[in-house]
Amino acid sequence: MSKFNWVLLTVLVTATMSSLPIGSNQITRAQTGASTSEDIAQTTTKDNAPPTNPRVPLPTRRGTSRSSNPWTPILQALQDNPPPPKKNEGGSRGVCAIAPTAIGTSTEIWSDRPLFVWVGPSRPTRIELRSVDNNQVLWRHKVEAQNKILYDGEALQPGQTYQWSLFASSQENARPIKTETFRLMDAQKRDRMNTQLQRLDQELQAKNASTEDIARKRAQYFAQQQLWSDVLQEAYSVENPSPGLTDMVRSIPRTLCSRPGKQNSVQPRQ
């Protein structure tokens, strides 16, 4: 090889090597870049924490938050199925029927011994239950200071329609201040639900569930079946209710008795 060619080859090799990146420098830059990204992320998290969500529900009575109230989904389902519009809602005497009553599109109930619930400033003196078929009085009960009474007469008959009325006068021929109609479901459907409810009760009792937990699970079951009067019967029947259930019960009159454009038209009697 000539001296000229040797010099030319040396120059070319040197130029090529100088143009290649050095491996250690690549690793150093990669490590530096990763570290910088982590530092930025940590700084952003620390110095730019997300603002508090203004929509978080405020605590309710006795420190129970609405989001942690297990009865809230049931109340929400009830609110999504308001009672149909009625003429002269509450009547001139200001009484609102809570249960049994038309809620959503159904007047059907499961219980053959329903719980009658109402609210309002008026003080009824008696309640009566009649058969719609023959208008015969099947049961009557004296009303004192309460606004709910459990039916304690003979078991109602499946498939039959009934009417319950509240009276402010003790006179036999007095006109009722409030009347509501409901229907006990057919025997076949009721027997099927009885079996399912018995199984549910057994499962909950095996888990040592509390009385309120059992009532809530039964209420959830009735809500799935669109049996709203039975949902309310479970809610109102719990003795010594929790703060969450108490909040729900206090919300029910506002849900069922308020008229459009006139909130809280009927308030529960304290």
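Helices, of at least four residues, and strands, of at least two, are DSSP runs numbered from the N terminus. With these numbers in hand, the tour can proceed by selection. The structure on screen is a predicted model.

**The whole chain**

Begin with the entire protein in a cartoon view, where seven helices and eight strands make up the secondary structure. Of its 270 residues, 37% are buried. Now consider the contacts between residues at least 6 apart in sequence: 63% of these join residues at least 24 apart.

**Helix 3 against helix 7**

Next, select residues 72-79, which form helix 3, together with residues 243-257, which form helix 7. Two packed helices are described by the angle between their axes and the distance between the axes. Here the angle is about 10° and the axes are 10 Å apart. Are these two helices roughly parallel or roughly antiparallel? Angles under 35 degrees count as roughly parallel, and helix 3 and helix 7 are therefore roughly parallel to each other. To see the contact itself, display the side chains of I74, L75, L78 and Q79 on helix 3, and of M248, S251, I252, T255 and L256 on helix 7. Sorted by class, this contact of helix 3 with helix 7 comprises six nonpolar residues, three polar residues and no charged ones.

**Helix 6 against helix 7**

Keep helix 7 on screen and add helix 6, residues 228-237. The angle between helix 6 and helix 7 is about 140°, with 10 Å between their axes. How should this arrangement be described? An angle over 145 degrees would count as roughly antiparallel, and one from 65 to 115 as roughly perpendicular, with the rest being oblique; helix 6 and helix 7 are therefore oblique to each other. The crossing of helix 6 with helix 7 is left-handed. Highlight L232, A235 and Y236 on helix 6, then L245, M248, V249, I252, P253 and L256 on helix 7, for these residues make the contact. In the contact of helix 6 with helix 7, nine residues are nonpolar, and there are no polar and no charged residues.

**Into the nonpolar cores**

In soluble globular proteins, nonpolar side chains tend to be buried together. Select M248 on its own and look at what surrounds it. With residues up to four places away in sequence left out, M248 touches W71, I74, L75 and A235. M248 also belongs to the largest nonpolar core, which has 35 residues; W71, I98, F222, L232, M248, I252 and L256 touch the most other members. Colour the elements that each supply at least two residues of this core: helix 3, strand 1 (96-99), strand 3 (115-119), helix 4 (187-206), helix 5 (211-224), helix 6 and helix 7. Which helix gives the most to this core? Helix 5 does, with six residues. Another core, of 18 residues, lies apart from this one, and its members include A97, I109, L166 and F182.

**Buried residues in loops**

Move to V95, in the loop between helix 3 and strand 1. Buried means under 20% relative accessible area, so V95, at 1%, counts as buried. Add P124 to the selection: V95 and P124 are 29 residues apart in sequence, and their C-alpha atoms are 9.1 Å apart in space.

P114 is the next stop, in the loop between strand 2 and strand 3. P114 has a relative accessible area of 1% and is therefore buried. Its C-alpha atom is separated by 7.9 Å from that of D230, although their positions lie 116 residues apart along the chain as a sequence separation. Setting aside neighbours within four places in sequence, P114 is in contact with P100, I109, I149, L150, Y151, L156, F182 and Q233.

**Backbone exceptions**

Most residues other than glycine have a negative phi, and most peptide bonds are trans. Three places are worth selecting with this in mind.

- P100 sits in the loop between strand 1 and strand 2 (108-109). The peptide bond from A99 to P100 is cis, with omega near -10°.
- N208 is located in the loop between helix 4 and helix 5. This residue is not a glycine, yet the phi of N208 is positive, at about 55°. Its relative accessibility is 70%, so N208 counts as exposed.
- N240 belongs to the loop between helix 6 and helix 7. N240 likewise is not a glycine and has a positive phi, of about 50°. With a relative accessible area of 74%, N240 is exposed.

Key. Residues are numbered from 1 along each chain as its sequence is written. This is a predicted model: local features need pLDDT of at least 70, side-chain atom pairs count only at pLDDT 80 or more; totals for chains, interfaces and linings use all residues. Side-chain values use heavy atoms; hydrogens and water are left out. Axes are lines fitted to C-alpha atoms, for helices over the stretch in contact, and angles run from 0 to 180 degrees between N-to-C directions. Contact means heavy atoms within 4.5 Å. Ala, Val, Leu, Ile, Met, Phe, Trp, Tyr, Cys and Pro count as nonpolar, Asp, Glu, Lys and Arg as charged, and the others, Gly among them, as polar. A nonpolar core is a set of buried Ala, Val, Leu, Ile, Met, Phe, Trp, Tyr and Cys residues joined through side-chain atoms within 4.5 Å. Buried means under 20% relative accessible area, exposed over 50%, partly exposed in between (1.4 Å probe, protein chains only). A crossing is left-handed if the near helix is turned anticlockwise from the far one by less than a right angle, and right-handed if clockwise.
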